[in-house]
Amino acid sequence: MGASLKVDTHGPQVEQRKPTRSTKVIASSSSRRRWRRNVTTLLLFAGPAVLWYIFFMIGPFVSMFYYSTLNWGGLLEEKYFDGLHNYTHMFEDPTFFIAARNTAVHILVVLPIMIPLSFLLGYYLSLRPRGYQFLNVVCFTPALMSATAATMLFIGIYAPNGIINALLNAVNLGSQTHLWNADSSTALGSIIAINLWGGIGFCAVVFSARLASIPPELYEAAVIDGASHWAKIRLIAYPMVRDFVGVMTMLQFLGLLLGSAQTVLLLTNGGPGTASTTLGFMLYKEAFISSHLGYSQAIGVVLFIAGFLGMLVIRQLFRPAY
C-alpha cells in the first residue's frame, strides 16, 4: 500500500537522429536537380523574349550611339570614325536650336491642353450618358484616320478658301485671312491643332474605359454627401487613376517628341523656312534627304536623352500619393 505508482505523462520518447552524410548528399543532389529544372523552364519560356528584346530593342540603341560617332554620307558611302564631330556640329547648327525650341513649344502647349480636356471628356463618357456609344465612336474616329488623310483634311481647312477663312469672312474679319500653314507665325500652331484634334478624343475614350472600373458606390456615397461633379473628379476619379494619367501623359509625350515628323512633312515640310521644323523632322531630313546618317543619329541620341528625362519627370509628377 505504501508503494506509489508513477505514470509517464510525456508519452514515449522518440530518439532524434542527426542526418547522416549520405542523407545530406541526397538532399543536395535533389536540390540541384530542382534548380536545373527551374533554370531550364525559365530559359525555355523567357529565353526567346529576352533574345527578341536584346536584338530589336537594345541592339538599335547601341547602334544609334555607335553610328552617331561616324562620318557617314549614305548607305552606299564609306563610313569612318569621326569622334564627337557630329555633336560639336549639332551644337553649332542654328537649325538644331530652332528645332529644339519648336519641339519644346509643341510639347508644352499640347500636353497641358490635351490631357486635362481628354480626362474631363473621358469622365463624362464613363458616366454613360444618353448616346455615349455614338460619342465614343465620334471621339475615336480621328485615331482611325491615317496621317495622310488627316493632313489632307486640314490642308483643306487651312486653304485660302477653306473653313477658317470662310468663317472669318462671314464675321467681317476678312483682313485676318491668310495661308495658315504657310505663314511663319501660324505654321507651328497649325500642326499643334492637328495633334489636339487627333489626340483629345482618343485619350478620352481610353480614360473613360479606365474610369468605368471605379466602383459606382463611391460616386453614390459622394452624391449623398452633396458632392458636385467637380468634387467627384478632384477627390475620387483623378486620385484613383492618377498613375494611369501619368502613363497616358508619357505616351503622348513620346508621340509628340518622336512622331511629329510625319505631320510636319505632310503639312509644312518644316517651313516656311524652319518655322515648323521639329527635332523629329530634322532627324528625318538629315537621314533621308541630306544623307547625313551619322549626324542624324546624333540628333537621335539627343531625342533619346530628352525622352528618357521627360519620362522621369512625368513619372515623378504623377506618382501615386499613397
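**Briefing: a predicted chain of helices**

Residues 187-209 are 100% helix and 0% strand, with end C-alpha atoms 34 Å apart. They belong to a predicted model. The chain has 13 helices and two strands. Its radius of gyration is 31 Å, against a value near 20 Å for a compact globule of 322 residues.

**Annotated regions**

- UniProt, in an unreviewed entry, lists "transmembrane region" at residues 42-67, 104-125, 137-159, 187-209, 244-267 and 287-314.
- Residues 104-125, one of these spans, are 100% helix and 0% strand. The end C-alpha atoms of residues 104-125 are 31 Å apart.
- The unreviewed UniProt entry also gives "domain: ABC transmembrane type-1" for residues 100-314.
- That span, residues 100-314, is 76% helix and 0% strand. Its end C-alpha atoms lie 19 Å apart.

**Overall dimensions and contacts**

- The C-alpha trace spans about 130 × 70 × 30 Å along its principal axes.
- Take the contacts in the chain with a separation of 6 or more: 67% of them come from residues 24 or more positions apart.

**Burial and surface**

- Of the 322 residues in the chain, 34% are buried.
- The accessible surface of the chain is about 20,500 Å². Carbon and sulfur atoms account for 67% of that surface.

**Charge**

- The chain carries 21 positive and 13 negative side chains.
- The centres of the positive and negative sets lie 19 Å apart.

Note on methods: Residues numbered from 1 in each chain as written. Predicted model: local features only at pLDDT ≥ 70, side-chain atom pairs only at ≥ 80, totals over all residues. Heavy atoms only, no water. Helix = DSSP H or I, 4+ residues; strand = E, 2+ residues; numbered from the N terminus. Rg over C-alpha atoms; globule rule 2.2 N^0.38 Å. Buried < 20%, exposed > 50% of the residue type's maximum accessible area, 1.4 Å probe, protein only. Contact = heavy atoms within 4.5 Å. Areas by Shrake-Rupley, 256 points an atom, 1.4 Å probe, with all protein chains shown as cover. Lys, Arg positive; Asp, Glu negative; His and termini not counted. Charge placed at Lys NZ, Arg CZ, Asp CG, Glu CD. UniProt positions renumbered as here; feature names shortened; annotations may be inferred.
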